[in-house]
2 protein chains.
Amino acid sequence: MIGLANIGAAATETVEASGGHHAGLILTLFVMLAAAKLCAELFTRLKQPAVAGEILAGVLIGPHVLNWASPNEVSNILAEIGVIFLLFSVGMETKPAAILRVGRSAAIVALLGVVVPIAGGYVFMRGFGASTIQALFIGTAMAATSVGITARVLSGMGQLGSESARIVLGAAVIDDILGLLVLAAVASAAQGELNYVAIGTTAALALAFVGIVGLLLAPGLTKAAPYFGRLRLDNEFFIIAIVLCLGLALAAASIGVAAIIGAFLAGLALAEAAEKQHDVHQQIRGITEFLVPFFLVNIGMQLNLSVFTELGTIGLALGMTAVAVATKLLGCGVGALNLGRRGALQVGMGMVPRGEVGIVVAQIGLAVGVVDDRLFGAVLFMAVATTLIAPPFLRPLYSR
Amino acid sequence: MIGLANIGAAATETVEASGGHHAGLILTLFVMLAAAKLCAELFTRLKQPAVAGEILAGVLIGPHVLNWASPNEVSNILAEIGVIFLLFSVGMETKPAAILRVGRSAAIVALLGVVVPIAGGYVFMRGFGASTIQALFIGTAMAATSVGITARVLSGMGQLGSESARIVLGAAVIDDILGLLVLAAVASAAQGELNYVAIGTTAALALAFVGIVGLLLAPGLTKAAPYFGRLRLDNEFFIIAIVLCLGLALAAASIGVAAIIGAFLAGLALAEAAEKQHDVHQQIRGITEFLVPFFLVNIGMQLNLSVFTELGTIGLALGMTAVAVATKLLGCGVGALNLGRRGALQVGMGMVPRGEVGIVVAQIGLAVGVVDDRLFGAVLFMAVATTLIAPPFLRPLYSR
């Protein structure tokens, strides 16, 4: 029987190639979104953070448990766009001046939050028999911070304006730049030679980028905003906002800084101008509420449970996670001791999630041949576990 | 010198593989969005429809002019999601009762809008020396309607509530089902045998789907909406809305109906419940304003100007376009004559754009071996050209 079934198959193939109506794509979106939101609802009812629920939804539907979905092109693209707009919206809810006021504390927190985990990771890995360069690489993966998770939790609690939240956000920008430089140094050392000129150039570019956005673009946009209405486009403020967000994310990525840092700075630069734009905030929220679940589910789907088939790797993964949590808590907490013990814990715990940043560092290690599959599995576990551990502690720490 | 450059390359590769920070992805988004919005602004200033500007932006940056971007996985995914949410938001602005009231007119418009273009296309293609089955296939490609374009223009003008707009929307649903059946028949005939059972099953499934959504789901949702607030999730109405949109798009796609028809029906079913949800409408608008430009630019990027290297193909492409415009105007216009001449023109012109639907039909023809490259190029031209022609006429027709 030649008939609809054949046509269906031919149609599916060509339509998939052309991006037409594509049931597979919609199925992926539907499963990931529905699972994320079901788990978020469940976790909220259990008085746990929705973020942890959505990451666990990813673990659950991911390749190692139910195998309903795997990280794929679609989920990766939506996750990437989702976290860019998440940090953009966090920036829009933050005043640049409020970040500058805590600049010194943020710098100390970021510095200690990079140095202590690298040192702790180095000592721990050497104890496990790793080579010097391996130990340095794992230490670097432990120094990375994924600020998206903490930002999502604090934004949901309406706590982005608190002093410790502002320190976490400021420290995340500095942390990313420091982490970038350390990664460049360690990775080039792994290949036999340190390239000081290139590292210095990257540092200068990153600082210049932050300076230009903060000192020139932000005040310029605040002055220009009243004229946005001269455009004939509908929703002109929103359009300018998302083009700026993508533009600065692109600029950041092209000089080696994380795209989300560019998006965060774009949000900061627009924060004052957007203050009374209720509809623009709702429109941005539409994008983030739709796309951020893909970011969270995608992290959960990366959890590779096969590390738990071997006793040595279990110990490595659990030990690495413990060291990762302890060193960030300690390093960042000491850096924020002037906020008192509770404030120091808020900041320290806010910097604990490694999320996708730790995973990316480990992948570079894999690419340059320093990290093997077993180490990679352990780092993956550490990255996802720290991301899951932090939110349940952040909630009580930030609620009165 | 082993250094940052190597690390950068290694990082880019692994990060692209993992979906981490991916400058190429952001570059694509930025170029497409910025070009679309610049052209939209320009066209609006020239008193032309923004939609045509955004499609032309795609032609301009596409592979045949500036070659800054090509249709790719990212643009296809975002285009597909964009048009799904576009039709969903159009559905949300439409009352089911208002569509039912024009049901009879819509059915006549849809029927004539399928029969006349197939007949016209058949005669035209036979005149150009095509085989019977080729002529039927091209006729089917001419019968497809891409309601997204018209919906975007009318929504921008605040004209979705007018009688002729409601007829166009209702006719689009029926048109899609009729087109599906004709396509199945023609494509199976092309493979040598008509499968009446399969075609009948498809027809029954499509009608059952529309009936279940219209008669059961829509009133059920209106009754259930006051209880949505019992969920503990933030933005629970919006979450339910987008999960329902994807769910019905998926259901439609899996029985062979276009995903956008499922999304439109989901919007219709929620329309009454969402009437006073200002923030939900703004959140949906955030998604559509961000994603619909990718749908429009993607159509423009498909325009293959290489058909214009050969005189015969130029004539074929231009003739096909003329027949496509004339037959839809005539068929649908006659079907809507009870609205008066202006109303009939509004409906006829509203059904002219073929957009991505015509392209998909031609691709199926290519896949089953009936359509060759030259014919395919001409259909592609017809699909994009009809999509560009309609908006500039729709604006004066709908403005008083």
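How many salt bridges does the rule find across the interface of chain B and chain A? Zero. Keep in mind that we're looking at a predicted model here, and let's see what that interface has instead.

Start with its extent. Contact involves 83 residues of chain B and 82 residues of chain A, and about 7,400 Å² of area is buried between the two chains. Carbon and sulfur atoms give 71% of that buried area. On the polar side of the ledger, the rule picks up 14 residue pairs in polar contact across the interface, counting pairs with both residues at pLDDT 80 or more. If you look at the face of chain B that touches chain A, helix H2 of chain B (residues 23-45) gives the most to it, with 13 residues. Sorted by class, that face of chain B has 47 nonpolar, 23 polar and 13 charged residues. So charged residues do sit on this side of chain B, even though the count of salt bridges across the interface is zero.

Now zoom in on one spot where the chains meet. Helix H4 of chain A and helix H4 of chain B, residues 73-92 in each, have axes that come within 11 Å and cross at roughly 80°. An angle between 65 and 115 degrees counts as roughly perpendicular, and therefore that is how H4(A) and H4(B) lie to each other. On the H4(A) side, the residues are A:Glu73, A:Val74, A:Ile77, A:Leu78 and A:Ile81; they meet B:Glu73, B:Val74, B:Ile77, B:Leu78 and B:Ile81 of H4(B). By class, this contact has eight nonpolar residues, two charged ones and no polar ones.

What about salt bridges elsewhere? Searching the whole structure turns up 13 over all chains. One of them pairs A:Glu289 with A:Lys37, with the closest N and O atoms 3.9 Å apart. A:Glu289 belongs to helix H13 of chain A (residues 278-301) and A:Lys37 to helix H2 of chain A (residues 23-45), so this pair ties together parts that are 252 residues apart in sequence.

Finally, stay in chain A for another helix pair. The axes of H16(A) (residues 355-367) and H17(A) (residues 373-398) come within 8 Å and cross at roughly 170°, which means the two run roughly antiparallel. Among the residues making the contact are A:Gly355, A:Gly358 and A:Ala362 of H16(A), along with A:Phe376, A:Leu380 and A:Ala383 of H17(A). By class, the H16(A)–H17(A) contact has seven nonpolar, four polar and one charged residues.

Methods
Residues numbered from 1 in each chain as written. Chains lettered and ligands numbered in written order. Predicted model: local features only at pLDDT ≥ 70, side-chain atom pairs only at ≥ 80, totals over all residues. Heavy atoms only, no water. Axes fitted to C-alpha atoms, helices over the stretch in contact; angles between N-to-C directions. Helix = DSSP H or I, 4+ residues; strand = E, 2+ residues; numbered from the N terminus. Parallel < 35°, antiparallel > 145°, perpendicular 65-115°, else oblique. Contact = heavy atoms within 4.5 Å. Nonpolar A, V, L, I, M, F, W, Y, C, P; charged D, E, K, R; others polar. Buried area = accessible area lost by both parts, 1.4 Å probe. Salt bridge = Lys/Arg side-chain N within 4 Å of Asp/Glu carboxyl O. Polar contact = N/O pair within 3.5 Å; in protein donor to acceptor, adjacent residues only side chain to side chain.
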